[in-house]
Amino acid sequence: MNLIDEDDEKPTRWEKFVEFIMFHFRWVFVVPFLLPLSFLFNTLFEIRNKIIHAVNSAPNAHVRKVGFIQEQLKEWNSNGRKTKLVNARPGWLTMSFRFPLYKENATKIATDKLFDILELDVEKMTVKAEPGVTMGQLSRYLIPLGYTLPVLPELDDLTVGGLINGCGVESGSFKYGMFQHICTGYEVLMSDGELRNIYPDSAAKTEQAKQDNSLFFAIPWSQGTICFLTAATMRIIPCKKYVKLTYKKTETLDEMCEQLTEDSDRYSDKVDFVEALLFTKDKGCIMLGEFSEGPDTQDEVVNPIGRWYKKWFYTHVEDLINKKHESIEYIPLRDYYHRHSKSIFWELRDIVPFGNNVLFRYLMAWMCPPKIAFLKATTPNVLRKLYDRSHVIQDMLVPLDTLEKCIELFHKEIEIYPLWLCPFYLKSQPGLMKLRNATHKMYVDVGAYGVTAKDGYHHERTTRRLESFVRSVNGFQMTYADIYMTRAEYAEMFDRTLYDWKRSTSKCLDAFPDIYDKICRSGRR
């Protein structure tokens, strides 16, 4: 079944030649232009954030910014609600590889100024932030104060709003769940301009509080199709300066699956972080981390992996397991959290192929990584066509007990390595990601990122086979990536019951696009 009208003709020899040049020599533009631009942007933004924190102007500015958004919504309502509402954030600023076509004929609401941390409450152990706040901002702000988020996804530029309206998983998720599960409250604007603060309080007394309670569970994964998120309150926990990280080599797929299942015990007091990398179908590494004040003896290794001259983390891991079956290092906490940022997991190897060379690292890697938004904005059309055909960015969330079958399928269909494996605890709650056959279960995020040379790979047909498997095991597909499911197949994977009810009772049907129309491949090119 062909879901979208695409030209499947093979490129001509000339087109292949141009694609080869653009792909293999993109660094000629990225290194002298995008790296300095990214470094300058990050530096100025960090200075700006320090000033905002010093004068504590964010809370008052937040009230003004929310009021401005309300004015836009009231104007849209007074004009007859003729078009759908979307945020005004440019497509190249999103973390998704695709550009949002659904925004072309919609009313764009300027919500893109919401990027400040608003409040830290150490008594309630919460932090409140606007949706544009990044994980890099939060880790830079919280860790020096002795706190962190229970779930703090790895890439610096991932935002609070993106992780709530989309999905966020990281190595602390085996204990705490997904990013949405650490949230204790949302501040939202409804389509009529009403400002609401909603919480997951099951003891709600009034009818309005009960409706807001159900709305709290409908928002995650909804991609901003119910309301506009203007702030979120998240749990924080105490932290220590280092992570004691144990690297354990696995030599067979069976060993990886069995050991990862055993290590993903959320009730263990010894482990705070669990993730794994699979470098081939058989060879992999499980990494177990625990908060630490640092090494007890001088013989123990401290490795500040976040410094510019250090190897890309995934290559460092592979080097370690090639030498020893088990190793231990102490890593500064913020370095650990953002261990995959410097190489954008392993996507940067295709953009700057010499980026892990020792000379480049010492001379220029202090400007890395290039911002994903800048890379996206400057991707030429000829390169986008190549990416459409062979570039894979997928995160499939499957029950941990089906991991072996899932990896077998990934190997058969795309054969991209490393694969990122991140276990997470999923508790049954109302909403799109509702468990239908269990009260709780351990899942694992299987992440595949990169260009595949697998014979027989086809972006649509291959992805549909992966999607079919994920549905068959009651799994979920992260919807930032290419989605080729039909509307009915999407409804089979995700539970739309609460979502559809909140859309129909909250005046959303004529206000926001349906979620499927936003995430399906035809809505994002």
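Which domains does the domain assignment of the chain give? In this predicted model, the assignment yields domain 1, made up of residues 64-238 together with 495-523, and domain 2, covering residues 242-485. A convenient place to begin is the relation between these two parts. Their C-alpha centres are separated by 25 Å. Contact between them involves 48 residues on the side of domain 1 and 57 on the side of domain 2. The area buried between domain 1 and domain 2 comes to about 4,600 Å², and carbon and sulfur atoms account for 61% of it.

Polar and charged pairs also span this interface. Between domain 1 and domain 2 there are 21 residue pairs in polar contact, counting pairs with both residues at pLDDT 80 or more. Turning to the domain 1 face, the elements that each supply two or more residues to the side touching domain 2 are α4 (135-142), α6 (173-176), α18 (497-505) and α19 (515-519). Of these, α4 contributes the most, with four residues. By residue class, the domain 1 side of the contact is composed of 25 nonpolar, 13 polar and 10 charged residues.

Salt bridges deserve a closer look. Four of them cross the interface of domain 1 and domain 2, while the count for the model comes to 29. In one salt bridge, the side chains of E154 and R339 meet at an N to O distance of 3.1 Å. Another salt bridge pairs D156 with R334, here with 3.8 Å from N to O. D156 sits in the loop between β5 (147-148) and α5 (160-165), whereas R334 belongs to helix α10 (residues 333-337), so this pair ties together parts that lie 178 residues apart in sequence.

Outside the two domains, the UniProt record, an unreviewed entry, places a feature named "transmembrane region" at residues 20-41. In the model, this span is 91% helix and 0% strand, and its end C-alpha atoms are 30 Å apart.

The backbone geometry offers some further points for the reader to inspect. Most peptide bonds are trans, and most residues other than glycine have a negative phi. Against that background, the bond from C368 to P369 is cis, with omega near 0°. P369 is located in the loop between α12 (358-364) and α13 (372-377). A cis peptide bond also joins Y417 to P418, with omega about 0°. P418 is found in the loop between α15 (403-413) and β15 (419-427). The loop between α15 and β15 also holds E415. Although E415 is not a glycine, its phi is positive, at about 50°. The stretch linking α15 to β15 therefore invites a look at two backbone features: the cis bond before P418 and the positive phi of E415.

Terms used:
Residues numbered from 1 in each chain as written. Predicted model: local features only at pLDDT ≥ 70, side-chain atom pairs only at ≥ 80, totals over all residues. Heavy atoms only, no water. Domains from an automatic or database assignment. Contact = heavy atoms within 4.5 Å. Buried area = accessible area lost by both parts, 1.4 Å probe. Salt bridge = Lys/Arg side-chain N within 4 Å of Asp/Glu carboxyl O. Polar contact = N/O pair within 3.5 Å; in protein donor to acceptor, adjacent residues only side chain to side chain. Nonpolar A, V, L, I, M, F, W, Y, C, P; charged D, E, K, R; others polar. UniProt positions renumbered as here; feature names shortened; annotations may be inferred.
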